[in-house]
Amino acid sequence: MSSDRVVVIGGGPGGLAAARAVSDVGTKVLLVEEREQLGGTPIIENYAGLTPRGEPARPQIQKMIDAVSDNPLADVRVGTKVKSLVGDEGAFTLTLEGPGSQGPETLECAAVIIATGFGHFDPGRSTQMYGYYEFPDVITQADLEAMLSEGKVVRPSNGAVPERICFVQCVGSRDRQIGNEYCSKVCCGVASKEAVELRETLPDSKVFIFYIDMRMYGYWENEIYWPAQELHHVQYVKGLITEVLPKGDRLLVRGEDTTMGRPMELLMDLVVLSVGMEPSPGTREMASLLGVKQNKYGFIDAIGSPLDPVGTDRKGIFACGAALGPADLEDTVSSGASAATRAVACVRALSAGAAS
Ligand SMILES: Cc1cc2nc3c(=O)[nH]c(=O)nc-3n(C[C@H](O)[C@H](O)[C@H](O)COP(=O)(O)OP(=O)(O)OC[C@H]3O[C@@H](n4cnc5c(N)ncnc54)[C@H](O)[C@@H]3O)c2cc1C
Ligand code: SF4
């Protein structure tokens with residue numbers, strides 16, 4: 001039996017963009033989110049301002065949520081998981097398990113879009129020498145987002161306002177030792193964005209970014225990186241940080257200034273780790289449950305990329321956003337719309353076939 005419905009798994013920016021695009025063109029969509037709320041990582045982690053204009057994340061993402069929730073063709077299920085999938089393109093049968101005790105629900109769909117997103121690299125993993133779990137004043141970019149969004153940036157150790165803050169780039173990315181050779185794409189831009197937010201919130205602070213090389217593209221370069229240096233006086237230091245140690249009530253950041261070719265040691269009040277993106281547990285789980293190929297890092301493999309960046313090796317199943325690999329919102333939303341087009345085409349081709 002064929003179906004005229006698309007199922008989107010994951011209610012973050014990618015899944016919301018996909019679900020919106022499917023319903024906007026008049027096709028039924030079911031959006032399945034395992035958490036109790038929609039919005040994905042920007043909402044779960046309480047992001048502050050979104051690039052490029054620094055607009056508060058929550059109302060921006062809420063607009064995406066409303067666009068889906070308000071569409072009568074969209075059925076949204078939170079607190080729900082896909083438990084099984086059988087069948088082929090045009091005639092999949094899915095089992096869902098949701099809240100309450102009614103037991104599993106079975107339904108048909110023509111195509112599936114996986115939008116299960118990313119997780120943060122755990123900076124406590126063995127090769128990391130930055131003391132994330134030892135020193136309260138070592139935090140991650142996501143921890144800082146939450147502080148910025150609350151409008152209260154303090155040293156967790158003593159509640160004091162930090163005067164010297166640094167970012168350590170490429171934590172858990174571009175690191176062969178741990179098997180993550182890839183670049184996480186957004187953390188150079190996000191560090192620059194957060195550095196600007198810090199300078200605006202704490203104008204007396206000194207903010208440093210220690211980087212291997214700054215990797216940015218599109219608007220991130222001209223609208224964030226250059227103003228961060230020239231207007232907000234963020235100090236970019238090309239260098240490798242090898243360890244963070246306590247010294248008095250501050251942190252000693254030790255490494256090498258690679259431009260000058262000499263060791264460096266600086267005292268900081270707050271150290272922000274720019275941790276990389278990894279596939280979320282849900283991405284790994286759905287890839288294996290739905291039987292689609294993953295790349296060696298566990299992200300879903302878009303086998304036709306770059307000319308087909310959303311198709312998987314199973315017909316009728318597409319993927320978008322950070323489930324495919326590190327991606328910013330612009331890339332995530334574009335790939336969501338692209339996956340929606342492919343999924344709707346799949347529904348229409350099959351209904352046209354049935355009518356002829
Ligand atoms: C600190 C930080 C700041 C950032 N700031 C910016 C910024 O300012 N601008 C920008 O462009 N980008 C920014 N990004 C990148 C941005 O967060 C991502 O581009 C975006 O979140 C990717 O969206 P997504 O929907 O693909 O994944 P996610 O946001 O991770 O959403 C995935 C969703 O899928 C759900 N899910 C997972 N598994 C399952 C399952 N099995 N069943 C059902 N649901 C499931 C999750 O609960 C979640 O809701 C930032 C990233 C970081 C780390
Ligand atoms: S975006 Fe920057 S910090 Fe992130 S992995 Fe790439 S080079 Fe490193």
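Student: Strands here are DSSP runs of E with at least two residues, numbered from the N terminus, so which strand does Cys-170 lie in?

Tutor: In this predicted model, Cys-170 lies in strand S12, which covers residues 164-171.

Student: And what is its phi like, positive or negative?

Tutor: Phi of Cys-170 is positive, with a value near 60°, and Cys-170 is a residue other than glycine. For context, most residues other than glycine have a negative phi.

Student: Ok, on to peptide bonds. Which residues does a cis bond join, with omega about -5°?

Tutor: That cis peptide bond joins Thr-51 and Pro-52, and Pro-52 sits in the loop that runs between strand S3 (49-50) and strand S4 (55-56).

Student: What about Ser-305, which residue is it joined to by a cis bond?

Tutor: Ser-305 is joined by a cis peptide bond to Pro-306, and omega there is about 5°. The loop that holds Pro-306 is the one between helix H7 (281-290) and strand S19 (317-319). As background, most peptide bonds are trans.

Student: Switching to the ligand. Which residues come nearest to ligand 1?

Tutor: There are 37 residues around ligand 1, and those that come nearest are Glu-33, Arg-35, Thr-41, Thr-51 and Ala-327. Thr-51 thus appears again, having come up as the partner of Pro-52 in a cis peptide bond.

Student: How does that shell split by class?

Tutor: The shell around ligand 1 is made up of 16 nonpolar, 15 polar and six charged residues.

Student: What polar contacts do the ligand's oxygen atoms make with Glu-33, Ala-322 and Pro-13?

Tutor: In the side chain of Glu-33, an N or O atom is 2.6 Å from an oxygen atom of ligand 1. The other two involve the backbone: an N or O atom of Ala-322 lies 2.8 Å from a ligand oxygen, and a polar backbone atom of Pro-13 is 3.2 Å from one. As for cover, ligand 1 taken alone exposes 1,000 Å², of which the protein buries 98%.

Student: Last topic, the helices. How do H5 and H6 pack?

Tutor: Helix H5 (residues 187-201) and helix H6 (residues 219-230) have axes 9 Å apart and pack at an angle of about 45°. Because that angle falls outside the ranges for roughly parallel (under 35 degrees) and roughly perpendicular (65 to 115), H5 counts as oblique to H6.

Student: Is that crossing left-handed or right-handed?

Tutor: The crossing of H5 and H6 is left-handed.

Terms used
Residues are numbered from 1 along each chain as its sequence is written. Chains are lettered from A and ligands numbered from 1 in the order in which they are written. This is a predicted model: local features need pLDDT of at least 70, side-chain atom pairs count only at pLDDT 80 or more; totals for chains, interfaces and linings use all residues. Side-chain values use heavy atoms; hydrogens and water are left out. A residue is near a molecule or strand if one of its heavy atoms lies within 4 Å of it. A polar contact is a pair of N or O atoms within 3.5 Å; within protein, one must be able to donate a hydrogen and the other to accept it, and residues adjacent in sequence count only if both atoms are side-chain atoms. Accessible areas come from the Shrake-Rupley method with a 1.4 Å probe; for residues, only the protein chains shown count as cover. Ala, Val, Leu, Ile, Met, Phe, Trp, Tyr, Cys and Pro count as nonpolar, Asp, Glu, Lys and Arg as charged, and the others, Gly among them, as polar. Axes are lines fitted to C-alpha atoms, for helices over the stretch in contact, and angles run from 0 to 180 degrees between N-to-C directions. Helices (H or I, at least four residues) and strands (E, at least two) are DSSP runs, numbered from the N terminus. Angles under 35 degrees count as roughly parallel, over 145 as roughly antiparallel, 65 to 115 as roughly perpendicular and the rest as oblique. A crossing is left-handed if the near helix is turned anticlockwise from the far one by less than a right angle, and right-handed if clockwise.
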